[in-house]
Amino acid sequence: MILQLYVLRTVATRILGAALILMSILQILDLLDVTTDILDRGLGVAGVAYYAALRLPRLFEQVAPIAVLAGGLFAFSQLARESAVVAMRSTGISGYRIVAMAAPAAVAVMLLDALCGQVLAPRADPALADWWANTTPVAERKVPAPRTFRAGADLVIGANASADGRQITNLTIFRRDAKGILVEKVETSKASFDGRRWTLDKPTTTRFVGDLAQTSTAASTSWPTALRPQDVQGLFGDDSAPTAASARRALQNGGSDRPESFYATHFQAAFASPFVALVMLMLSAPVALANFRSGQGAVLLTAGLGAGLLFLVANGMLTALGESGALSPILAVWAAPAIFGALAARTFLALEG
C-alpha cells in the first residue's frame with residue numbers, strides 16, 4: 001500500500017506540475033493578446049481574472065494529453081534513477097503492477113478532461129463570448145453576420161442569438177418537400193424557447209403552390225424542431241467542437257451547419273478523447289524499466305516524447321479525414337489510440353521480458 005501511494009503520488013505530482021506549467025504558458029500567451037483591450041474597456045484586473053477563469057476549461061483540454069505524457073516521463077524516469085523500480089521488482093512487484101499503480105492519476109486527468117470538454121467549456125464559451133460582446137465599445141461593435149444552418153428538413157437563416165441560446169432574432173425558415181422543392185417560407189422577428197418548444201413571434205408565412213405565392217400572418221405559432229438552446233449556442237458561437245449531446249442531436253435532425261460526417265466523428269471523439277490520457281501514460285511507461293546507467297533511459301525518454309507528439313499529429317490528421325468524410329468516423333477516431341497503445345504495450349512487454 002505504501003509503495004502504491006508513493007508511485008501514485010510521484011506520477012500525480014509530476015502530471016499536475018506539467019499541467020500547471022503548460023496552462024500557465026498558454027494563459028500568458030492568450031492574455032498578451034487581450035489584456036490591453038480589457039484594460040482599455042475599464043474592466044481592470046477583475047476583468048482579466050474573469051477572462052482567464054472562463055478560458056481555463058479549454059486550456060486544460062489542450063494541455064491534458066501532453067501533461068500526462070510529460071508528467072509520466074518525468075515520474076517514471078525519477079523512479080528508475082532512484083532505483084525504486086528495481087527495489088519494487090525485487091520484492092515481486094511486476095512492471096505491470098507499477099504502471100497500474102500510476103493509472104489512477106491518468107484516470108483522474110481523463111475524467112477531468114471529459115468534464116471540461118462536455119460540461120464546463122460548453123457553458124464557459126457562450127458566457128465569455130457574451131461578456132466580450134457586451135463590453136466592446138459601441139464604436140467598435142460589428143453587426144454579426146447571419147448564420148445559415150439546417151434544423152431537420154428546414155433550412156434556416158438567423159441574424160443573431162441570445163447568449164443562452166433561447167432566442168433567435170430575424171429568423172427565416174425555408175421548408176421543402178420530399179423532392180427538395182421550396183414549398184414554404186416563414187419569416188419572424190423573434191423565435192423563443194420556453195423550455196419545451198420554440199414559438200415564432202408574429203410570423204409571416206408564404207406558401208408556394210405552383211406559380212402562386214400565398215401569404216398569411218399570425219400572432220404566434222409553434223416551430224416543431226429538435227433544435228435546442230445548446231445547439232443554438234454552438235451554431236452562433238465560435239467554431240468549437242460540438243459535445244457528444246449536440247453531435248447526437250445534429251445527427252438526429254437537430255441543428256447543424258456541417259456535413260453529417262463532421263458530427264459523427266465528433267460524437268465518437270467525445271468518448272475517445274479522454275482515453276488519450278491513458279495512451280500517453282502507456283507511451284511513457286517503458287521509461288520505468290530503463291537502465292539509465294547504460295544510456296537506455298535517454299533513448300526511451302526521447303522515443304517516448306517523440307511517440308507522444310507523433311500520436312497527437314496522427315490523431316489530428318485522422319480526425320480531420322473523418323470530419324471530411326474521407327474516413328469512417330470510428331476508424332478516424334479510434335485508430336490512432338489503438339495503434340499507439342498497442343505499440344506502447346508491445347515495447348513495455350519486450351522490456352519486461
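Reader: How many salt bridges does the rule count here?

Author: In this predicted model, the count comes to 8 salt bridges.

Reader: What makes Arg55 and Asp30 a salt bridge?

Author: The closest N and O atoms of Arg55 and Asp30 are 2.8 Å apart, and a side-chain nitrogen of Lys or Arg has to be within 4 Å of a carboxyl oxygen of Asp or Glu, so the pair is called a salt bridge. The pair links distant parts of the chain, with Arg55 in helix α2 (residues 44-81) and Asp30 in helix α1, 25 residues apart. Both Arg55 and Asp30 are buried.

Reader: Why is Arg58 called buried, and why does Glu61 count as partly exposed?

Author: Arg58 has a relative accessible area of 14%, and buried means under 20%, so the word applies to Arg58. Glu61 has 26% relative accessibility, and because partly exposed covers the values between under 20% and over 50%, Glu61 falls in that class. The side chains of Arg58 and Glu61 meet in a salt bridge at 2.6 Å, N to O, and both residues lie in helix α2, 3 residues apart, which is about one turn of the helix.

Reader: What makes Arg207 and Glu184 a link between distant parts of the chain?

Author: Arg207 forms a salt bridge with Glu184, the closest N and O atoms being 3.1 Å apart, and the two belong to separate elements, Arg207 to strand β7 (residues 204-209) and Glu184 to strand β5 (residues 182-193), 23 residues apart. Salt bridges that share partners join Asp154, Arg175, Glu184 and Arg207 into one network.

Reader: Are Arg207 and Glu184 buried or exposed, or in between?

Author: Arg207 has 39% relative accessibility and therefore counts as partly exposed, whereas Glu184, with a relative accessible area of 13%, is buried.

Reader: Why is Asp33 called exposed?

Author: Its relative accessible area is 60%, and exposed means over 50%, so Asp33 meets the condition. Asp33 is placed in helix α1 (residues 2-40), and together with Asp37, Asp40 and Glu140 it gathers in a patch of negative charge on the surface.

Reader: How do you know that His266 is buried, and what is it in contact with?

Author: His266 has a relative accessible area of 12%, and because buried means under 20%, His266 is placed in that class. The residue lies in helix α7 (residues 260-272) and, leaving aside its neighbours within four places in sequence, is in contact with Ala241, Pro242 and Glu323.

Definitions and conventions
Residues numbered from 1 in each chain as written. Predicted model: local features only at pLDDT ≥ 70, side-chain atom pairs only at ≥ 80, totals over all residues. Heavy atoms only, no water. Patch = residues over 30% accessible without salt bridge, like charges linked within 9 Å, V, L, I, M, F, W, Y side chains within 5 Å. Areas by Shrake-Rupley, 256 points an atom, 1.4 Å probe, with all protein chains shown as cover. Lys, Arg positive; Asp, Glu negative; His and termini not counted. Charge placed at Lys NZ, Arg CZ, Asp CG, Glu CD. Helix = DSSP H or I, 4+ residues; strand = E, 2+ residues; numbered from the N terminus. Buried < 20%, exposed > 50% of the residue type's maximum accessible area, 1.4 Å probe, protein only. Contact = heavy atoms within 4.5 Å.
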